[in-house]
Amino acid sequence: MDATHLPIDAEELRGSALSKDILARYRSAVRAARDRESTLRFGRHTVAVSSIAQQFYCEKALQYSIEKPLAPTLQMRNGTAGHEMAAALAAPMTHEEAIAEALVSREKPVCIYEFRIAWEHNGVTLTGFVDEAWFRGGNVDIVAERKFSGSPNIYSTYHIQAGLYCLGLGEMGFDTNRTIYRIDVFSRKCSNCERLASGECSILREDCHSYACDTGSSISQSFPFHRESVTEDLDWALQFWTGERDAEPTTSATRCRSCRYRRICDSSLA
Ligand code: SF4
């Protein structure tokens, strides 16, 4: 058969068109941020999903962390190490390859680590890296977020961050109509665990919701993604970045007591 008359795989063609569309949307959001004059606080051109999550802990604390940054604590460094360890599981691939892989039709979803996202919301470019996103033929089955914490609780900030990742993937062009997000909370001692690094820790099994070993412990819970409520949270958060309102301090004295800015903060409840 003449090579120019080979049958065209419709599925492949659709995947290729969608792949180009998703990449174009991502690049357009990044380019728009780079090309326009900053109208955001602190001269920013983009807002990171992780910063928005911090706003739901305390906006004053976020503002201080930008205006008067402090060196990361050992706990923060351990958390970063834990994330890097998870990312080390990833097969190296370009963003284009990751998108193409996410669109392949398959029986079981494929996990892509540290998936890069960017999208525009009301003229503001949001950016982030999704810890784990499980894709199947362009659908996002699961978004998973790992946290290393001194307490085995799932805080509202974790929900915000994971929800925004779902939202961002949807805005880029993936199907998030049935997406759930999973939050795994590990004790800080887990951040150096080799079994976690190799993906062998029992908590990573779908049917495991809590696990403890001689080293540490962890919990895991899944939640449905609700686009409308995440969008409302984002609208509120962006009012701070666009200067529509000042930073709102937390109303939780417990948060103030563990805040590193409590001694200089004029809203401290500690
Ligand atoms: S002391 Fe309280 S109100 Fe002030 S920045 Fe810290 S958490 Fe926010």
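I'll start with a single residue, N122, which is exposed, with 8 other C-beta atoms within 10 Å. N122 sits in the loop between β2 and β3, the latter being residues 124-136. Its phi is positive, about 50°, although N122 is not a glycine. As background, most residues other than glycine have a negative phi. Please keep in mind throughout that this is a predicted model.

There is a second residue of this kind, E114. E114 also is not a glycine, and it has a positive phi of about 50°. Where is E114? It lies in strand β2, residues 110-121. E114 has 17 C-beta neighbours inside 10 Å, so it counts as partly exposed. If you are going through the backbone on your own screen, look at E114 in the strand and N122 in the loop that follows β2.

Now the chain as a whole. The secondary structure comes to nine helices and seven strands. The radius of gyration is 20 Å, close to the 18 Å that the globule rule gives for 270 residues, so the chain is as compact as a globular protein of that length. Along its principal axes, the C-alpha trace spans about 80 × 50 × 30 Å. How many of the 270 residues count as buried? The figure is 30%. As for contacts, take those between residues at least 6 apart in sequence: 71% of them join residues at least 24 apart.

Next, a pair of helices. Helix α6 covers residues 156-172 and helix α8 covers residues 227-241; their axes come within 10 Å and cross at roughly 105°. That angle makes α6 roughly perpendicular to α8. Which residues make the contact? From α6 they are I160, G163, L164, C166, L167 and G170. From α8 they are R227, V230, T231, D233 and L234. Sorted by class, this contact has six nonpolar residues, three polar and two charged.

Just ahead of α6 is the loop that joins it to β4, and two of its residues are worth a look. N153 lies in that loop between β4 and α6. N153 is exposed, with 10 other C-beta atoms within 10 Å. Y155 has its place in the loop between β4 and α6 as well. With 17 C-beta neighbours inside 10 Å, Y155 counts as partly exposed. For distances, N153 and S38 are 115 residues apart in sequence and 37 Å apart in space, C-alpha to C-alpha. Y155 and V140 are 15 residues apart in sequence, and their C-alpha atoms are 23 Å apart.

On the strand side of that loop is R146, which is found in β4, residues 139-149. Is R146 buried or exposed? It counts as buried, with 24 C-beta neighbours inside 10 Å; the cut-off for buried is 20 or more. R146 and I183 are 37 residues apart in sequence, yet 6.1 Å apart in space, C-alpha to C-alpha.

Then the ligand. There are 16 residues around it, and C58, P249, C256, C259 and C265 come nearest. Two helices, α3 (59-67) and α9 (253-257), each supply at least two residues of the shell. Which element gives the largest share? That is α3, with three residues. By class, the shell divides into 10 nonpolar residues, three polar and three charged. Cysteine is counted as nonpolar in that tally.

Staying with helix α3, one residue in it is L62. L62 is partly exposed, with 19 other C-beta atoms within 10 Å. Being buried takes 20 or more, so L62, at 19, falls on the partly exposed side of the cut-off. Leaving aside neighbours within four places in sequence, L62 is in contact with S51, Q54 and Q55. Last, a distance that links two parts of this talk: the C-alpha atoms of L62 and G170 are separated by 27 Å, and the two residues are 108 apart along the chain. G170 is one of the α6 residues in the contact with α8.

Key
Residues numbered from 1 in each chain as written. Predicted model: local features only at pLDDT ≥ 70, side-chain atom pairs only at ≥ 80, totals over all residues. Axes fitted to C-alpha atoms, helices over the stretch in contact; angles between N-to-C directions. Helix = DSSP H or I, 4+ residues; strand = E, 2+ residues; numbered from the N terminus. Parallel < 35°, antiparallel > 145°, perpendicular 65-115°, else oblique. Contact = placed C-beta atoms within 7 Å. Rg over C-alpha atoms; globule rule 2.2 N^0.38 Å. Buried ≥ 20, exposed ≤ 12 C-beta atoms within 10 Å, placed from the backbone. Near = placed C-beta within 6 Å.
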